[in-house]
Amino acid sequence: MKAIDANLLRDTLESRRQPYSCVRSHLADALRDRKPFSLLRIGDGESVILRYQPGHDDPDLEAHLRLWFGDQLPTRRQLARIRRQLNGACRKATVLGLPTQRQCELHPRYRTSFEALEQLLNPRSQPIITDAAVHRFLHLSGDLLNCLRKSPFLGLITCRSIVDEVVDCFQPRQLVLHIVPPEQSDNLGSRVAGSCSWFPDGWSHLANVVRPPLRGAPYLVGAGLMGKLICELIRQRGGIAIDIGSVFDGWDAVRSRAYFDRYPPESYRLTHQETLANYSGQERLNHLKSLLDQHEAAPTSFRIEN
């Protein structure tokens, strides 16, 4: 596969990529100031939507639609609407996590996502660009628990049965759970909080009921492709949306991603972060860098600190 031109990257989105240390500061500021905020991530799967063209056969699209939606697939009109909404969510995101240069060189779908967003996001577009693994950094550092513990309100949008763990660790004064459909994978061994489908009615129902009760109310979102659209709805309605995706799986001991196997089993459990969340900000950052050095194949491919 042809490598990405380094000069091209330097002049475009890659030059805007910010380290994780910067992103966590923006999140902390938004929570403190109760400012609408969305953090969402684009990986390889979203490539099939970003490049979607009605009437064009795409085997990758069919496979991903089955994964996201099961047998209740969106119509072509709904799929076109999803693409428009995904584009809008990316343009208006506060923080947008993108594949690293290394990921783009390893797999063509990562490159497709990156290139599609290069065309979509002009130099004046709003998002702070960072690594797509930002959700893992938030968890592994203990920052997520540190900044949300004892929050007046916490919303969860997930298919995972993790309410008890969240209540024990985050100790919010009010917790609201919105159940979403799980991915239709045969090998997850998943425990899900309920059974529902996105179409024909699940998406419209969720869009109606997700209403932040106060400005700056935080939500943790794990809902695949549709989670990106949910994050934008929350931001529009004055809330703070954090797309943590498969981190929810780790909290529920569902090893759904290859990266879980590179780390000790307890690393992605929520209870494992309780002590770490009490460390100072620099100590948490140092701990994150140490974990990446120990367990990632290419830790220097991530931007953690300036």
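Helices and strands here are DSSP runs, numbered from the N terminus, and the loops in these exercises are named by the elements on either side. The model is a predicted one, so keep that in mind as you work through it.

**Exercise 1. An unusual phi at R34 and A253**

Task: Find where R34 sits, work out whether R34 is buried, partly exposed or exposed, and then do the same for A253.

Solution.
- Step 1: Start with the background. Most residues other than glycine have a negative phi.
- Step 2: Now look at R34, which has a positive phi of about 55 degrees although it is not a glycine.
- Step 3: Locate R34: the loop between α2 (20-33) and β1 (37-41).
- Step 4: Check the surface. Partly exposed covers the range between 20% and 50% relative accessible area, and R34 has 44%, so R34 is partly exposed.
- Step 5: Turn to A253. Its phi is positive too, about 60 degrees, and A253 is not a glycine. You'll find A253 in the loop between α13 and α14 (281-295). With a relative accessible area of 45%, A253 is partly exposed.

**Exercise 2. A cis peptide bond**

Task: Which form does the peptide bond from F199 to P200 take, cis or trans?

Solution.
- Step 1: Most peptide bonds are trans.
- Step 2: Read omega for this bond: omega is near 15 degrees, and the bond from F199 to P200 is cis.
- Step 3: Place P200 in the chain. P200 lies in the loop between β5 (175-179) and α11 (202-209).

**Exercise 3. The length of a helix**

Task: What span should helix α7 (residues 108-120) have, and what is the distance between its end C-alpha atoms?

Solution.
- Step 1: Helix α7 has 13 residues. The expected span is 1.5 Å times one less than the number of residues.
- Step 2: That gives 18 Å for α7.
- Step 3: Compare with the model: the end C-alpha atoms of α7 are 18 Å apart, which agrees.
- Step 4: While you're there, look at which side chains are tucked away. The buried residues of α7 are R109, R111, S113, F114, L117, E118 and L120.

**Exercise 4. Around helix α13**

Task: How do the rings of F248 and W251 pair, and which residue forms a salt bridge with D249?

Solution.
- Step 1: A search of the whole structure turns up 12 aromatic pairs. In one of them, the ring centres of F248 and W251 are 5.4 Å apart and the planes meet at 85 degrees, so the pair is edge-to-face.
- Step 2: Both residues belong to helix α13 (residues 247-251), where they are 3 residues apart, about one turn of the helix.
- Step 3: Are they buried or exposed? F248 has a relative accessible area of 1% and is buried. W251 is also at 1% and counts as buried.
- Step 4: Now for D249. D249 forms a salt bridge with R160, with the closest N and O atoms 2.7 Å apart. Because D249 is in helix α13 and R160 is in the loop between β4 (154-158) and α10 (163-170), the pair ties together parts that are 89 residues apart in sequence.
- Step 5: D249 is buried at 8% relative accessible area, and R160 counts as buried at 3%.

**Exercise 5. Rings around Y263, and a charge on top**

Task: Which residues are linked into a cluster by ring pairs, and which residue lies over the face of Y259?

Solution.
- Step 1: The cluster consists of Y259, F260, Y263 and Y268.
- Step 2: R136 lies over the face of Y259, at 4.3 Å from the ring centre.
- Step 3: Y263 and Y268 are both buried.

**Exercise 6. Salt bridges**

Task: How many salt bridges does the structure hold, and which residue is the partner of R235?

Solution.
- Step 1: The structure holds 23 salt bridges.
- Step 2: R235 pairs with E232, the closest N and O atoms being 2.8 Å apart. They are 3 residues apart in helix α12 (residues 224-236), so about one helical turn separates them. Both R235 and E232 are buried.
- Step 3: Another bridge joins R17 and E14, at 2.9 Å between the closest N and O atoms. R17 and E14 are both buried.
- Step 4: Finally, a network of salt bridges links D44, R51, D58, D60 and R109.

Definitions and conventions: Residues numbered from 1 in each chain as written. Predicted model: local features only at pLDDT ≥ 70, side-chain atom pairs only at ≥ 80, totals over all residues. Heavy atoms only, no water. Helix = DSSP H or I, 4+ residues; strand = E, 2+ residues; numbered from the N terminus. Buried < 20%, exposed > 50% of the residue type's maximum accessible area, 1.4 Å probe, protein only. Phe/Tyr/Trp six-rings, centres within 6.5 Å; stacked < 30°, edge-to-face > 60°. Lys NZ or Arg CZ within 6 Å of the ring centre and 35° of its normal. Salt bridge = Lys/Arg side-chain N within 4 Å of Asp/Glu carboxyl O.
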